[in-house]
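Trainee: I would like a close look at one part of this model, the ligand site. Please take it step by step.

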Amino acid sequence: MIDGALPYLRCPVCGQRLDRPDGQALRCPQGHSFDIARQGYVNLTAGRSPHSGDSAEMIADRSTFLAEGHYDFIARALAETVRADDGLVLDAGTGTGDYLARVLDALPAAPGLGIDVSKPALRRAARAHPRAGAALADLWRPLPLADASVAVLLNVFAPRNGPEFHRVLRPDGMLLVVTPAPDHLSELVETHGLIRVDPDKADRVAESLGNSWRTESSATHRRTLRLTAARTRTLIGMTPSARHVSLDEVRAAEITATAAITLTVYSPA
Ligand SMILES: C[S@@+](CC[C@H](N)C(=O)[O-])C[C@H]1O[C@@H](n2cnc3c(N)ncnc32)[C@H](O)[C@@H]1O
């Protein structure tokens, strides 16, 4: 439901408050109107998004993989890190909305909002949790949110917009960024030509956020995944490597791979 996030949303055209006067479209006092799609998400790009994000196939693979719990340790790390609050939880680049849902479960009164440019992702994110809304919005443009409106900002394997994250986050808010560690899926890099994680990823992430952040903590979490050939194809299918790896070549009966991520918590400086 988008209603919980409504007080925090802003019109992408004029920046004024949005309301839902007839229980249908969102409207601002200037008369700009944004329909809620049949699948439950609202398009807040004002027609200015050049990206289409993850494809329907990538999102279906991601959904299957997450539902089986292979990345449960990431959801648990996020849920254990967030502080109890009833402010808005924003998931920037939400995908299926699974991580947002897990964090909302840990914060019993907080409303949530998942944003993404992928419509197949938003169809799932809109149903991910009763307190979560979903909006089509481009992370490379001004976000359709009020200044200092977000209590918790999640960013999991997704693009980051440091200046906009800083603008929308409350001064006492927290930004949780999950990125792949250098050895993430390294076995599949060797055997199947997956894109290798940049060894300087952590430095590049900090650099891309800009210097108006304080690092509160940073921890690397690892799990050994034991995957069938079919599930290995699913895993590759949900990554950017899907475009250049031949999935037909993944035939081994069982594959062992290391999932390794870094969770860094930032606060606005
Ligand atoms: C690797 S997926 C991660 C999804 C989710 N956070 C997860 O870990 O399951 C990256 C997501 O970012 C979205 N994305 C890519 N570029 C974007 C942009 N410019 N604005 C908003 N979302 C974007 C993609 O559509 C995709 O859903």
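Trainee: Which residue has a polar backbone atom 3.4 Å from a nitrogen atom of the ligand?

Mentor: That residue is Val117, whose polar backbone atom lies 3.4 Å from a ligand nitrogen. Keep in mind that the model is predicted. Two other backbone contacts belong beside that of Val117. In Leu139, a backbone N or O atom is 2.8 Å from a nitrogen atom of the ligand. In Asp54, a backbone N or O atom is 2.9 Å from an oxygen atom of the ligand. As for cover, the ligand taken alone exposes 590 Å², and the protein buries 92% of that.

Leu139 appears again in the list of neighbours: 20 residues surround the ligand, and those that come nearest are Gly93, Asp116, Asp138, Leu139 and Val156. By character, the shell around the ligand holds 10 nonpolar residues, six polar ones and four charged ones. The space that the ligand takes up is the largest pocket.

For the setting of that pocket, the protein has eight helices and 10 strands. Its C-alpha atoms fill a box of roughly 60 × 40 × 35 Å along the principal axes. The radius of gyration is 18 Å, which agrees with a compact globule, because one of 269 residues would have a value near 18 Å.

Notes
Residues numbered from 1 in each chain as written. Predicted model: local features only at pLDDT ≥ 70, side-chain atom pairs only at ≥ 80, totals over all residues. Heavy atoms only, no water. Near = heavy atom within 4 Å. Polar contact = N/O pair within 3.5 Å; in protein donor to acceptor, adjacent residues only side chain to side chain. Areas by Shrake-Rupley, 256 points an atom, 1.4 Å probe, with all protein chains shown as cover. 1 Å grid on protein atoms, 1.4 Å probe; cavity = no way out; pocket = protein on both sides within 12 Å on 5 of 7 lines; lining within 4 Å. Sits in = over half its atoms within 2 Å of the grid points. Nonpolar A, V, L, I, M, F, W, Y, C, P; charged D, E, K, R; others polar. Helix = DSSP H or I, 4+ residues; strand = E, 2+ residues; numbered from the N terminus. Rg over C-alpha atoms; globule rule 2.2 N^0.38 Å.
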